[in-house]
Amino acid sequence: MKRIKLNESLDISQVVAGCMRAADSGMEEKDFLKFVEECMEMGVTTFDHAPVYGNYTCERLFGDAVLRKRPELRHKMQIVTKTGIVLPGRNNNKTIYYESTKKEIRKEMDESLQKLGTDYVDLLLVHRPDPLANPEETADALDGLVEEGKVRYIGVSNFMPSQITMLQSYMKNSIVTNQIELSVKTTDNFFNGATDDAFTRRMPLMAWSPLGGGSVFSGDDERSVCLRKVIQEIAETHNTTMDTIMYAWLFVHPVRIAAITGTMNADRIKNAVNALEIQLSYDEWYQILEASRGFPVP
């Protein structure tokens with residue numbers, strides 16, 4: 001398994017097991033533990049969470065099924081979680097909102113640690129930019145969690161370059177990654193400055209929804225049909241599957257992208273791992289880009 005170094009003392013597996021669908025999958029505890037063990041056998045040692053996944057249930061499922069059953073696995077894995085999204089009804093609120101106050105960040109972190117069954121997480125991400133955030137207060141909360149040992153490193157998610165610059169200017173600790181949407185279906189972040197900013201900061205990226213939500217496989221819109229045709233042809237050339245090519249399309253990028261899978265099926269995780277051994281050519285990469293955007297490069 002290839003690793004991505006986020007800091008001198010933290011690296012993550014380039015394939016990250018996303019646990020967002022753990023509750024929806026209906027897995028029993030023993031099956032969830034087996035899934036995690038199979039991931040780790042493949043070298044997938046990084047697990048991505050958020051308090052809101054499964055309507056606030058997925059972190060506890062992981063803690064109950066994995067770390068409270070096999071606590072010795074903790075030092076062999078990296079746990080990522082997030083902070084800052086409040087779902088309707090959580091605080092008697094009518095709307096979903098983003099909150100990056102010190103009170104909310106600390107509350108969510110303590111709850112996540114209790115649910116996950118650990119006393120620290122390796123990486124905490126601010127889940128979404130909060131337009132009402134006081135960056136000095138947010139930074140103080142995040143730095144405080146690092147100082148207390150509850151969090152090893154800090155990152156962000158869905159941030160634009162200017163938002164990273166603003167928050168970083170208030171922080172003592174470095175922001176080590178930005179988790180953004182990247183896939184053959186979502187290419188904007190390759191061209192809007194997000195990738196350039198990551199290069200400038202020498203900061204690897206994490207890609208959520210790396211398969212574009214699955215529409216490439218079954219969508220009947222013109223874009224999905226065109227992408228499917230091109231990806232199928234390239235997959236046949238490499239004697240592999242479509243999803244493996246879609247992961248390989250991200251992995252070939254020199255910015256260093258870790259892909260967060262959205263499946264609870266170990267065989268599909270294996271398809272992502274297989275992508276690390278495929279080197280797409282410039283021509284193949286641009287064929288997929290052209291099919292996605294619907295026009296050739298100028």
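**Strands, a helix pair and the nonpolar cores**

Let me begin with the strands: E10, residues 175-181, and E11, residues 205-208, run parallel and are joined by four bridges, and I should say at once that what we are looking at is a predicted model. Within that pairing, Ile180 stands opposite Ala207 of E11, and if we take in helix H6, residues 194-201, then E10, H6 and E11 together make a right-handed β-α-β unit. E11 also pairs with strand E12, residues 257-261, again in the parallel sense, here over three bridges, and in E12 the bridge partner of Ala207 is Ala259.

Turning to the helices, H2, residues 58-67, and H3, residues 102-116, have axes that come within 7 Å and cross at roughly 35 degrees. On the H2 side the contact is made by Glu59, Arg60, Phe62, Gly63 and Leu67, which meet Ser112, Gln114, Lys115 and Leu116 of H3; by class, this contact of H2 with H3 has three nonpolar, three polar and three charged residues.

Phe62 brings me to the interior. Which residues touch the most other members of the largest nonpolar core? They are Phe62, Met77 and Ile288, in a core of 88 residues, and the largest share of this core, eight residues, comes from helix H9, residues 242-251. Leaving aside residues up to four places away in sequence, Phe62 touches Cys19, Phe32, Val36, Phe47, His49, Leu67, Met77, Ile79 and Leu116. Apart from the largest core lies another one, of 13 residues, with Ile4, Val16, Tyr153 and Ile260 among them.

Key
Residues are numbered from 1 along each chain as its sequence is written. This is a predicted model: local features need pLDDT of at least 70, side-chain atom pairs count only at pLDDT 80 or more; totals for chains, interfaces and linings use all residues. Side-chain values use heavy atoms; hydrogens and water are left out. Two strands pair if DSSP finds at least two bridges between them. Helices (H or I, at least four residues) and strands (E, at least two) are DSSP runs, numbered from the N terminus. A crossover is right-handed if, with the strands pointing away from the viewer, the path from the first strand over the helix to the second runs clockwise. Axes are lines fitted to C-alpha atoms, for helices over the stretch in contact, and angles run from 0 to 180 degrees between N-to-C directions. Contact means heavy atoms within 4.5 Å. Ala, Val, Leu, Ile, Met, Phe, Trp, Tyr, Cys and Pro count as nonpolar, Asp, Glu, Lys and Arg as charged, and the others, Gly among them, as polar. A nonpolar core is a set of buried Ala, Val, Leu, Ile, Met, Phe, Trp, Tyr and Cys residues joined through side-chain atoms within 4.5 Å. Buried means under 20% relative accessible area, exposed over 50%, partly exposed in between (1.4 Å probe, protein chains only).
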